[in-house]
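Welcome! Let us take a friendly walk through one protein model, piece by piece. Keep the picture beside you as you read.

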Amino acid sequence: MDCLLKALVLNKEARVYIVSNKDTVNEAIRRHNLWPGATSVLGKTFSIAQMMGSMLKGREALTIKINGGNGQLGNIIVDANSKGEVRGYVDNPSVSIVNNNGGMNDYYAIGTEGMIVVIKDLKLKETFTSSVTCTGDLASDFTYYFYESEQTNSVVYLGMLIDVDNTCKLSGGMIIQLLPNASESTISYLENVISKYTSFNDLLENYSLEDILKLFFVDDYEIVETREVNFHCHCSKYNFSKALITLGKKDLQEIIEEDHKIEAVCHYCGEKYLFTEDEINKLINKI
Ligand code: ZN
(Lines give C-alpha, C1' and ligand atoms only; values in the text may rest on other atoms or scores of the structure.)
Protein backbone atom coordinates (compact mmCIF):
# COMPACT_ATOMS: atom_id res chain seq x y z
CA MET A 1 0.00 0.00 0.00
CA ASP A 2 1.32 3.44 -0.94
CA CYS A 3 1.52 5.90 1.89
CA LEU A 4 2.04 9.61 2.50
CA LEU A 5 2.94 11.32 5.77
CA LYS A 6 2.66 14.96 6.74
CA ALA A 7 4.74 16.15 9.65
CA LEU A 8 5.73 19.28 11.53
CA VAL A 9 9.41 19.30 12.41
CA LEU A 10 12.12 21.36 14.10
CA ASN A 11 10.10 23.13 16.73
CA LYS A 12 7.22 23.30 14.20
CA GLU A 13 9.26 25.73 12.11
CA ALA A 14 9.21 23.47 9.05
CA ARG A 15 6.76 21.01 7.53
CA VAL A 16 7.45 17.81 5.67
CA TYR A 17 5.51 15.83 3.06
CA ILE A 18 6.90 12.39 2.34
CA VAL A 19 5.51 9.70 0.06
CA SER A 20 6.31 6.16 -1.02
CA ASN A 21 4.30 5.17 -4.11
CA LYS A 22 5.66 2.23 -6.09
CA ASP A 23 2.18 0.65 -6.41
CA THR A 24 0.87 3.88 -7.98
CA VAL A 25 3.76 3.78 -10.47
CA ASN A 26 3.34 0.07 -11.24
CA GLU A 27 -0.35 0.64 -11.96
CA ALA A 28 0.66 3.33 -14.49
CA ILE A 29 3.26 0.98 -16.05
CA ARG A 30 0.56 -1.68 -16.47
CA ARG A 31 -2.05 0.71 -17.89
CA HIS A 32 0.22 2.68 -20.24
CA ASN A 33 2.93 0.16 -21.09
CA LEU A 34 5.59 2.57 -19.90
CA TRP A 35 9.22 2.00 -20.80
CA PRO A 36 11.80 2.86 -18.09
CA GLY A 37 12.51 6.41 -19.27
CA ALA A 38 8.79 7.19 -19.20
CA THR A 39 8.30 5.40 -15.85
CA SER A 40 11.04 7.46 -14.23
CA VAL A 41 9.58 10.82 -15.22
CA LEU A 42 5.87 10.01 -14.84
CA GLY A 43 6.55 8.30 -11.49
CA LYS A 44 8.49 11.28 -10.13
CA THR A 45 5.73 13.61 -11.33
CA PHE A 46 3.22 11.40 -9.47
CA SER A 47 5.30 11.78 -6.29
CA ILE A 48 5.29 15.58 -6.57
CA ALA A 49 1.58 15.61 -7.48
CA GLN A 50 0.59 13.39 -4.55
CA MET A 51 2.56 15.59 -2.13
CA MET A 52 1.13 18.79 -3.63
CA GLY A 53 -2.34 17.19 -3.61
CA SER A 54 -1.98 16.61 0.13
CA MET A 55 -1.56 20.39 0.54
CA LEU A 56 -5.13 20.84 -0.83
CA LYS A 57 -8.48 20.53 0.96
CA GLY A 58 -11.88 18.99 0.21
CA ARG A 59 -12.71 18.84 -3.49
CA GLU A 60 -9.70 20.94 -4.57
CA ALA A 61 -7.50 19.48 -7.31
CA LEU A 62 -4.44 20.29 -9.38
CA THR A 63 -2.93 19.48 -12.76
CA ILE A 64 0.77 19.45 -13.60
CA LYS A 65 1.65 19.88 -17.29
CA ILE A 66 5.27 19.47 -18.27
CA ASN A 67 6.60 19.97 -21.75
CA GLY A 68 10.36 20.19 -21.96
CA GLY A 69 10.28 21.34 -25.60
CA ASN A 70 13.05 19.09 -26.90
CA GLY A 71 12.30 15.98 -24.80
CA GLN A 72 11.35 12.53 -26.09
CA LEU A 73 8.26 12.09 -23.91
CA GLY A 74 6.30 15.05 -25.32
CA ASN A 75 3.66 16.22 -22.87
CA ILE A 76 3.65 14.85 -19.33
CA ILE A 77 0.21 15.41 -17.76
CA VAL A 78 -0.73 14.50 -14.19
CA ASP A 79 -3.90 15.24 -12.20
CA ALA A 80 -4.00 14.98 -8.40
CA ASN A 81 -6.52 15.72 -5.69
CA SER A 82 -6.65 16.13 -1.93
CA LYS A 83 -7.53 12.44 -1.45
CA GLY A 84 -4.13 11.19 -2.61
CA GLU A 85 -5.43 10.07 -6.01
CA VAL A 86 -3.35 10.68 -9.13
CA ARG A 87 -3.78 9.83 -12.79
CA GLY A 88 -1.60 10.78 -15.72
CA TYR A 89 0.17 9.96 -18.94
CA VAL A 90 3.02 10.88 -21.24
CA ASP A 91 2.54 11.40 -25.00
CA ASN A 92 5.21 8.84 -25.85
CA PRO A 93 5.45 5.97 -23.32
CA SER A 94 8.12 4.11 -25.35
CA VAL A 95 11.11 6.04 -24.03
CA SER A 96 13.91 4.03 -22.52
CA ILE A 97 16.89 5.98 -21.27
CA VAL A 98 19.08 4.61 -18.52
CA ASN A 99 22.46 6.12 -17.77
CA ASN A 100 25.60 4.13 -17.07
CA ASN A 101 25.08 3.80 -13.32
CA GLY A 102 21.74 2.09 -13.79
CA GLY A 103 20.11 5.31 -12.64
CA MET A 104 17.78 7.34 -14.81
CA ASN A 105 18.79 10.23 -16.97
CA ASP A 106 15.62 12.27 -17.17
CA TYR A 107 17.00 15.22 -19.14
CA TYR A 108 16.64 13.64 -22.57
CA ALA A 109 13.22 12.24 -21.73
CA ILE A 110 11.79 15.50 -20.35
CA GLY A 111 13.70 18.07 -22.39
CA THR A 112 15.41 21.24 -21.25
CA GLU A 113 13.75 24.06 -23.15
CA GLY A 114 10.12 24.08 -22.10
CA MET A 115 7.78 24.89 -19.28
CA ILE A 116 6.23 23.33 -16.20
CA VAL A 117 2.68 24.58 -15.65
CA VAL A 118 0.68 23.97 -12.46
CA ILE A 119 -3.06 24.58 -12.58
CA LYS A 120 -4.90 24.61 -9.25
CA ASP A 121 -8.66 24.21 -9.08
CA LEU A 122 -9.58 25.52 -5.64
CA LYS A 123 -13.33 25.40 -6.49
CA LEU A 124 -13.45 29.17 -6.85
CA LYS A 125 -14.62 31.15 -9.90
CA GLU A 126 -11.30 30.78 -11.68
CA THR A 127 -8.41 28.33 -11.61
CA PHE A 128 -4.91 29.47 -10.63
CA THR A 129 -2.12 28.87 -13.11
CA SER A 130 1.60 29.36 -12.51
CA SER A 131 4.59 28.22 -14.47
CA VAL A 132 8.35 27.90 -14.31
CA THR A 133 10.93 27.03 -16.93
CA CYS A 134 11.78 23.36 -17.26
CA THR A 135 15.44 22.34 -17.00
CA GLY A 136 14.82 18.58 -17.09
CA ASP A 137 15.56 18.18 -13.37
CA LEU A 138 12.17 17.84 -11.66
CA ALA A 139 13.46 18.15 -8.07
CA SER A 140 15.24 21.45 -8.69
CA ASP A 141 12.52 22.77 -11.00
CA PHE A 142 9.85 22.23 -8.34
CA THR A 143 12.12 23.70 -5.64
CA TYR A 144 12.17 26.80 -7.82
CA TYR A 145 8.41 26.53 -8.43
CA PHE A 146 7.66 26.62 -4.68
CA TYR A 147 9.98 29.61 -4.24
CA GLU A 148 8.67 31.54 -7.24
CA SER A 149 4.94 30.71 -7.16
CA GLU A 150 4.28 30.05 -3.50
CA GLN A 151 7.05 32.13 -1.86
CA THR A 152 8.15 29.07 0.10
CA ASN A 153 11.71 27.91 0.65
CA SER A 154 11.69 24.18 0.01
CA VAL A 155 13.90 21.18 -0.54
CA VAL A 156 12.51 18.57 -2.94
CA TYR A 157 13.80 14.99 -2.97
CA LEU A 158 12.71 12.44 -5.57
CA GLY A 159 13.64 8.78 -5.83
CA MET A 160 13.01 6.13 -8.46
CA LEU A 161 14.50 2.68 -8.94
CA ILE A 162 13.41 0.43 -11.79
CA ASP A 163 13.89 -3.33 -11.62
CA VAL A 164 15.46 -5.54 -14.31
CA ASP A 165 11.95 -6.60 -15.40
CA ASN A 166 11.05 -2.90 -15.94
CA THR A 167 8.67 -2.77 -12.98
CA CYS A 168 9.10 -0.06 -10.36
CA LYS A 169 11.14 -1.24 -7.38
CA LEU A 170 11.15 2.00 -5.40
CA SER A 171 9.51 5.36 -5.90
CA GLY A 172 8.86 8.28 -3.63
CA GLY A 173 9.72 11.78 -2.61
CA MET A 174 9.95 14.31 0.17
CA ILE A 175 9.30 18.04 0.34
CA ILE A 176 10.66 19.98 3.32
CA GLN A 177 9.31 23.52 3.58
CA LEU A 178 10.44 26.27 5.92
CA LEU A 179 7.53 28.01 7.60
CA PRO A 180 7.55 31.82 7.91
CA ASN A 181 9.55 32.94 10.97
CA ALA A 182 11.80 29.88 10.93
CA SER A 183 14.78 30.64 13.17
CA GLU A 184 18.41 30.81 12.06
CA SER A 185 19.17 27.64 14.00
CA THR A 186 16.39 25.73 12.17
CA ILE A 187 17.67 26.98 8.81
CA SER A 188 21.26 25.97 9.54
CA TYR A 189 20.15 22.58 10.96
CA LEU A 190 18.26 21.92 7.73
CA GLU A 191 21.15 23.00 5.53
CA ASN A 192 23.39 20.64 7.43
CA VAL A 193 21.04 17.63 7.33
CA ILE A 194 20.19 17.95 3.62
CA SER A 195 23.88 18.07 2.75
CA LYS A 196 24.28 14.74 4.59
CA TYR A 197 21.57 12.87 2.66
CA THR A 198 21.63 13.45 -1.06
CA SER A 199 20.20 10.22 -2.52
CA PHE A 200 16.53 9.59 -1.87
CA ASN A 201 16.89 6.15 -3.47
CA ASP A 202 19.27 5.14 -0.66
CA LEU A 203 16.80 6.39 1.93
CA LEU A 204 13.81 4.59 0.35
CA GLU A 205 15.80 1.40 0.05
CA ASN A 206 16.87 1.30 3.69
CA TYR A 207 14.25 3.09 5.77
CA SER A 208 10.50 3.39 6.31
CA LEU A 209 8.97 6.84 5.84
CA GLU A 210 8.89 7.46 9.58
CA ASP A 211 12.47 6.26 9.94
CA ILE A 212 13.51 8.83 7.33
CA LEU A 213 11.89 11.51 9.52
CA LYS A 214 13.82 10.11 12.53
CA LEU A 215 17.04 10.14 10.54
CA PHE A 216 16.60 13.77 9.54
CA PHE A 217 14.99 15.25 12.66
CA VAL A 218 15.84 12.77 15.47
CA ASP A 219 12.83 13.16 17.78
CA ASP A 220 11.83 16.69 16.81
CA TYR A 221 8.99 15.67 14.51
CA GLU A 222 5.24 15.24 14.88
CA ILE A 223 3.28 13.28 12.29
CA VAL A 224 0.05 15.22 11.71
CA GLU A 225 -1.46 13.02 9.02
CA THR A 226 -0.99 9.56 7.49
CA ARG A 227 -2.90 8.67 4.36
CA GLU A 228 -3.11 6.11 1.60
CA VAL A 229 -2.34 7.31 -1.94
CA ASN A 230 -3.11 5.56 -5.22
CA PHE A 231 -3.65 5.71 -8.98
CA HIS A 232 -7.29 6.47 -9.65
CA CYS A 233 -9.09 7.82 -12.70
CA HIS A 234 -12.59 9.26 -12.55
CA CYS A 235 -13.45 8.50 -16.16
CA SER A 236 -16.70 6.65 -16.98
CA LYS A 237 -18.73 5.53 -19.96
CA TYR A 238 -21.36 8.09 -18.96
CA ASN A 239 -18.83 10.96 -19.18
CA PHE A 240 -17.62 9.75 -22.57
CA SER A 241 -21.23 9.60 -23.81
CA LYS A 242 -21.70 13.25 -22.78
CA ALA A 243 -18.57 14.15 -24.77
CA LEU A 244 -19.81 12.19 -27.81
CA ILE A 245 -23.13 14.08 -27.75
CA THR A 246 -21.19 17.32 -28.22
CA LEU A 247 -19.97 16.02 -31.61
CA GLY A 248 -23.51 16.57 -32.94
CA LYS A 249 -25.97 14.50 -34.96
CA LYS A 250 -24.22 14.76 -38.33
CA ASP A 251 -20.81 13.57 -37.12
CA LEU A 252 -22.29 10.70 -35.11
CA GLN A 253 -24.38 9.56 -38.10
CA GLU A 254 -21.22 9.58 -40.25
CA ILE A 255 -19.44 7.43 -37.67
CA ILE A 256 -22.31 4.91 -37.74
CA GLU A 257 -22.16 4.71 -41.54
CA GLU A 258 -18.37 4.31 -41.64
CA ASP A 259 -17.42 2.35 -38.49
CA HIS A 260 -20.69 1.17 -36.87
CA LYS A 261 -19.05 1.68 -33.46
CA ILE A 262 -16.90 4.03 -31.39
CA GLU A 263 -14.02 2.94 -29.23
CA ALA A 264 -13.15 5.77 -26.85
CA VAL A 265 -9.90 5.57 -24.89
CA CYS A 266 -9.19 7.54 -21.73
CA HIS A 267 -5.78 9.21 -22.11
CA TYR A 268 -5.27 9.35 -18.37
CA CYS A 269 -5.71 5.67 -17.53
CA GLY A 270 -5.90 3.78 -20.84
CA GLU A 271 -9.41 2.44 -20.11
CA LYS A 272 -11.38 1.64 -23.29
CA TYR A 273 -15.13 2.29 -23.71
CA LEU A 274 -16.97 0.70 -26.61
CA PHE A 275 -20.17 2.28 -28.00
CA THR A 276 -22.19 0.01 -30.31
CA GLU A 277 -24.33 1.24 -33.21
CA ASP A 278 -27.42 0.92 -30.98
CA GLU A 279 -25.83 2.97 -28.25
CA ILE A 280 -24.71 5.69 -30.70
CA ASN A 281 -28.27 5.85 -32.07
CA LYS A 282 -29.57 6.34 -28.54
CA LEU A 283 -27.12 9.25 -28.13
CA ILE A 284 -28.33 10.77 -31.42
CA ASN A 285 -31.92 10.57 -30.17
CA LYS A 286 -30.92 12.57 -27.09
CA ILE A 287 -29.60 15.48 -29.18
ZN1 ZN B 1 -9.59 7.14 -17.19
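## A metal site and two sheets

Four cysteines hold the zinc ion through their sulfur atoms: Cys233 (SG), Cys235 (SG), Cys266 (SG) and Cys269 (SG) are its protein donors, at 2.2 to 2.3 Å. Bear in mind that this is a predicted model. What arrangement do the four donor atoms make around the zinc ion? Their angles run from 104 to 114°, so the arrangement is tetrahedral. For comparison, the ideal angle for four tetrahedral donors is 109.5 degrees.

Written along the sequence, the donor residues follow the spacing C-x1-C-x30-C-x2-C. Cysteine 235 sits in the loop between strand 11 and helix 8 (237-245), while cysteine 266 sits in the loop between strand 12 (261-265) and strand 13 (272-276), so this pair ties together parts that are 31 residues apart in sequence. Are these two cysteines buried or exposed? Both cysteine 235 and cysteine 266 are buried.

### The hairpin beside the site

Strand 12 and strand 13 are antiparallel partners, joined by five bridges. One of these pairings sets glutamate 263 against leucine 274 in strand 13. The two strands make a hairpin with six residues between them, and glycine 270 in the turn has a positive phi of about 80°.

Now follow the side chains along strand 13, which alternate. Tyr273 and Phe275 point to one face and are buried, whereas Lys272, Leu274 and Thr276 point to the other face and are not buried.

### The six-stranded sheet

Next, find the open sheet of six strands, with the order 7-6-3-4-5-11 and mixed pairing. Strand 7 (128-134) and strand 11 (230-231) are at its edges; each has a single partner strand, so one side of each has no neighbour in the sheet. Helix 2 (residues 36-53) packs on this sheet, touching strand 3, strand 4, strand 5 (85-90), strand 6 (114-121) and strand 11. The direction of helix 2 makes about 30° with that of strand 4.

Strand 4 (residues 76-81) is a good place to pause. It runs antiparallel to strand 3 (residues 61-67), with six bridges between the two. Strand 4 is also antiparallel to strand 5, this time through five bridges. Here are some residue pairs you can look for:

| Residue | Stands opposite or is bridged to |
|---|---|
| Alanine 61 | Asparagine 81 in strand 4 |
| Isoleucine 64 | Valine 78 in strand 4 |
| Valine 78 | Glycine 88 in strand 5 |

How many of the six residues of strand 4 are buried? Six of the six are, which leaves the strand mostly covered. Ile76, Val78 and Ala80 point one way, and Ile77, Asp79 and Asn81 point the other way, yet all are buried. The hairpin of strand 4 and strand 5 has three residues between the strands, and there glycine 84 takes a positive phi near 85°.

### The five-stranded sheet

There is also an open sheet of five strands, in the order 8-9-2-1-10, with antiparallel pairing. Strand 8 (154-162) and strand 10 (221-228) are the edge strands, each pairing on one side only. On average, neighbouring strands of this sheet are turned by 10° against each other, direction ignored.

Strand 8 and strand 9 (residues 168-178) run antiparallel and share nine bridges. Within this pair, methionine 160 stands opposite serine 171 in strand 9. Helix 2 packs on this sheet too, touching strand 1 (3-9), strand 2 (14-20), strand 8 and strand 9. Its direction makes about 140° with that of strand 8.

### Two helices to finish

Which residues of helix 7 (residues 209-217) are buried? They are Leu209, Ile212, Leu213, Phe216 and Phe217. Because these residues cover an arc of only 105° around the axis, they lie on the same side of helix 7. A general rule helps here: an α-helix has 3.6 residues a turn, so residues three or four places apart point the same way. Just after helix 7, valine 218 takes a positive phi of about 55°.

Finally, look for tyrosine 147 in helix 4 (residues 138-150). Its relative accessibility is 49%, so tyrosine 147 counts as partly exposed. Leaving aside residues up to four places away in sequence, tyrosine 147 touches Thr152 and Asn153. Tyrosine 147 and glutamine 177 are 30 residues apart in sequence, and their C-alpha atoms are 9.9 Å apart in space.

Terms used
Residues are numbered from 1 along each chain as its sequence is written. This is a predicted model: local features need pLDDT of at least 70, side-chain atom pairs count only at pLDDT 80 or more; totals for chains, interfaces and linings use all residues. Side-chain values use heavy atoms; hydrogens and water are left out. Buried means under 20% relative accessible area, exposed over 50%, partly exposed in between (1.4 Å probe, protein chains only). Helices (H or I, at least four residues) and strands (E, at least two) are DSSP runs, numbered from the N terminus. The arc is that of the directions from the helix axis to the C-beta atoms. Two strands pair if DSSP finds at least two bridges between them. Contact means heavy atoms within 4.5 Å. Axes are lines fitted to C-alpha atoms, for helices over the stretch in contact, and angles run from 0 to 180 degrees between N-to-C directions. Donors are N, O and S atoms within 2.8 Å of the metal (3.2 Å for Na, K and Ca); water is not among the atoms, so sites may look incomplete. Four donors count as tetrahedral if all angles lie between 85 and 135 degrees; four count as square planar and six as octahedral if opposite donors are over 155 degrees apart and all others between 65 and 115; anything else is irregular.
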